[in-house]
Amino acid sequence: MKIAIEELAGCSGCTIAVLDLHEMLLDVIAEADIVYSPVIMDVKEPPEDIDIAFVTGAVRNVENRERLEKIRKRSKTLVALGTCACYGGVSGLSMLSSNEDLFSCVYREVETTKPTGLSQQTCRRSSTGRSRWATS
Ligand code: SF4
């Protein structure tokens, strides 16, 4: 049996959880070959004849969608593994804001870029849907 693990928009923690099987992973390897997993081996493309493909992470951009469609075509069975793959997870939450608002919250308007010094701030969504920093 050939197994693949694809990574989309996520933290790769789901694949690390598979590695956390520790010695039980030997039981898995005795029954199946892991033929594709960019996190745990140096591979770029999934092979054609996968029996079971596990997909972790969400579809956040065009590349994610293309990779998901490719591994769907190349596998007999596809399993969504983890919250991001099943429900969107943290990556899915980013779909609730514009790219401009996300860029501001994460990179531009952070404490280390403000000349006023450190304060307790959180990024909140206003009633208009725009994200703003608020001091609490
Ligand atoms: S569900 Fe998403 S955030 Fe959680 S470990 Fe998997 S990839 Fe990471």
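In the predicted model, strand E3 and strand E4, the latter spanning residues 75–80, run parallel and are joined by five bridges. Within this pairing, Ala53 stands opposite Leu78 of E4. Together with helix H3, the two strands E3 and E4 form a β-α-β unit, and this unit is right-handed.

E3 also pairs with E1, again in the parallel sense and over five bridges. Here Ala4 is the residue that stands opposite Ala53 in E3. Ala53 thus has Leu78 of E4 opposite it in one pairing and Ala4 opposite it in the other. E1 in turn is joined to strand E2, residues 33–36, by three bridges, and these two strands run parallel. The bridge partner of Ile3 in E2 is Ile34.

These strands belong to a protein chain that contains six helices and six strands. Along the sequence, the order of elements is β-α-α-β-β-α-β-α-α-α-β-β. The protein chain has 136 residues, of which 21% are buried. Among contacts in the protein chain with a separation of 6 or more, 68% are between residues 24 or more positions apart.

The largest nonpolar core comprises 18 residues, and the members that touch the most others are Ala4, Leu8, Ala53, Val55 and Ala58. At least two residues of this core are supplied by each of strand E1 (2–7), strand E3 (50–56), helix H3 (62–73) and helix H4 (83–87). E3 provides the largest share, with four residues. Ala4 and Ala53, both listed among the core members with the most such contacts, are also the residues that stand opposite each other in the pairing of E1 with E3. Leu8, another of these members, is in contact with Val55, Thr56, Gly57, Ala58, Val59, Asn64, Arg67 and Leu68, when neighbours within four places in sequence are left aside. Val55 and Ala58, which appear among these contacts of Leu8, are likewise named among the core residues that touch the most other members.

The ligand is surrounded by Gly10, Cys11, Gly13, Cys14, Thr56, Gly57, Gly82, Thr83, Cys84, Gly89 and Val90. Two or more residues of this shell come from each of helix H1 (13–19), H4 and helix H5 (89–93). By residue class, the shell holds four nonpolar and seven polar residues, and no charged ones. Thr56 and Gly57 of the shell are also in contact with Leu8. H4 contributes both to the shell around the ligand and to the largest nonpolar core.

Two residues are set apart by their backbone angles. Most residues other than glycine have a negative phi. Ser12, however, is not a glycine and has a positive phi of about 70 degrees. Ser12 is placed in the loop between E1 and H1. Ser12 counts as partly exposed because 15 C-beta neighbours lie inside 10 Å. The second case is His22, a residue other than glycine whose phi is also positive, near 55 degrees. His22 is found in the loop between H1 and helix H2 (24–31). With 7 C-beta neighbours inside 10 Å, His22 is therefore classed as exposed.

A further loop, between H5 and helix H6 (99–108), contains Ser94. Ser94 is partly exposed because 17 other C-beta atoms lie within 10 Å. Apart from neighbours within four places in sequence, Ser94 is in contact with Arg60 and Leu102. Although Ser94 and Arg60 are 34 residues apart in sequence, their C-alpha atoms are 8.5 Å apart in space.

Conventions: Residues are numbered from 1 along each chain as its sequence is written. This is a predicted model: local features need pLDDT of at least 70, side-chain atom pairs count only at pLDDT 80 or more; totals for chains, interfaces and linings use all residues. A nonpolar core is a set of buried Ala, Val, Leu, Ile, Met, Phe, Trp, Tyr and Cys residues joined through C-beta atoms within 7 Å. A residue is buried if 20 or more other C-beta atoms lie within 10 Å of its own, exposed if 12 or fewer, and partly exposed in between; C-beta atoms are placed from the backbone. Two residues are in contact if their C-beta atoms, placed from the backbone, lie within 7 Å. A residue is near a molecule or strand if its C-beta atom, placed from the backbone, lies within 6 Å of it. Ala, Val, Leu, Ile, Met, Phe, Trp, Tyr, Cys and Pro count as nonpolar, Asp, Glu, Lys and Arg as charged, and the others, Gly among them, as polar. Two strands pair if DSSP finds at least two bridges between them. A crossover is right-handed if, with the strands pointing away from the viewer, the path from the first strand over the helix to the second runs clockwise.
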